[in-house]
Amino acid sequence: MIILAALERVSRDNRKKRLKWCQARKSWNEEWDYIIWSDEFRFLLFENDEQQWVWCKPHKNYDVDGLVPTAKSSNDGVMIWGCFVKNKLGL
């Protein structure tokens, strides 16, 4: 359901614009030979971008079961970049 989750983050107006863009290019053939698609994504190694919550009773504040392990690192993450063209992956 990754595709559905991604669609939920795209506004209705942007979905309409994307559909219009696709419809305008549906008859392209050789034009795709000059297009390169690329994207990048950052993966965090020791944490995530969201806050983590732990629910516990007051007398169990520091029980080991309620602690979230952490790691300190100067390297926050890895940036991955990739691309592809009409019929093959980019380098």
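**Exercise 1. In which strand does I80 lie, and is I80 buried or exposed, or something in between?**

Step 1. Find residue 80 in the model, which is a predicted one. I80 belongs to strand β2.

Step 2. Now look at its surface. The relative accessible area of I80 is 42%. Buried would need a value under 20% and exposed a value over 50%, so I80 counts as partly exposed.

Step 3. Look at the company I80 keeps. Together with F41, F43, L45 and V78, I80 forms a nonpolar patch on the surface. The accessible area of this patch is about 450 Å² in total. Strands β1 and β2 each supply at least two of its residues.

**Exercise 2. List the helices and strands, and give their order along the sequence.**

Step 1. Count the elements: the protein has two helices and three strands.

Step 2. Walk along the chain from its start. The pattern you meet is α-α-β-β-β.

**Exercise 3. Work out how the three strands are arranged in the sheet.**

Step 1. Begin with β1 and β2. These two strands pair in the antiparallel sense, over eight bridges. Strand β2 covers residues 77-85.

Step 2. Pick out some partners to check on screen. L44 faces G77 of β2, and F43 has V78 of β2 as its bridge partner.

Step 3. Move on to β2 and β3, which are also antiparallel and pair over two bridges. Here F84 is matched with L89 in β3. The link from β2 to β3 is a hairpin through two residues.

Step 4. Put the pieces together. The sheet is open, with the order β1-β2-β3. Strands β1 (37-44) and β3 (88-89) are at the edges with a single partner strand each, so each has one side without a neighbour in the sheet.

**Exercise 4. How far apart are S38 and C83, in sequence and in space?**

Step 1. Place S38 first: it sits in strand β1. With a relative accessible area of 49%, S38 is partly exposed.

Step 2. Compare the two distances. Along the sequence, S38 and C83 are 45 residues apart, while their C-alpha atoms are 4.1 Å apart in space.

**Exercise 5. Check the length of helix α2, then decide whether α2 is buried or in the open.**

Step 1. Helix α2 takes in residues 12-24, which is 13 residues.

Step 2. At 1.5 Å a residue, the expected span is 18 Å. Its end C-alpha atoms are 19 Å apart, which agrees with the expectation.

Step 3. Next comes burial. The number of buried residues in α2 is zero, so the helix lies largely in the open.

Step 4. Set this beside the whole protein: of its 91 residues, 2% are buried.

**Exercise 6. Find the salt bridge and explain which parts of the protein it ties together.**

Step 1. The count comes to one salt bridge. Its members are D33 and K86, whose closest N and O atoms are 3.4 Å apart. That passes the test, because the cut-off is within 4 Å.

Step 2. Locate the two residues. D33 is in the loop between α2 and β1, and K86 is in the loop between β2 and β3, so the pair ties together parts 53 residues apart in sequence.

Step 3. Ask how open each residue is. D33 is partly exposed at 46% relative accessibility, and K86 is partly exposed at 47%.

**Exercise 7. How many aromatic pairs does the structure have, and which residues do ring pairs link into a cluster?**

Step 1. Searching the whole structure gives five aromatic pairs.

Step 2. Follow the links from ring to ring. They join W21, W28, W32, W37 and F84 into a cluster.

Step 3. One member is already familiar: F84 is the residue whose bridge partner in β3 is L89.

Conventions:
Residues numbered from 1 in each chain as written. Predicted model: local features only at pLDDT ≥ 70, side-chain atom pairs only at ≥ 80, totals over all residues. Heavy atoms only, no water. Pairing = 2+ DSSP bridges. Helix = DSSP H or I, 4+ residues; strand = E, 2+ residues; numbered from the N terminus. Expected span 1.5 Å × (residues − 1). Buried < 20%, exposed > 50% of the residue type's maximum accessible area, 1.4 Å probe, protein only. Phe/Tyr/Trp six-rings, centres within 6.5 Å; stacked < 30°, edge-to-face > 60°. Patch = residues over 30% accessible without salt bridge, like charges linked within 9 Å, V, L, I, M, F, W, Y side chains within 5 Å. Areas by Shrake-Rupley, 256 points an atom, 1.4 Å probe, with all protein chains shown as cover. Salt bridge = Lys/Arg side-chain N within 4 Å of Asp/Glu carboxyl O.
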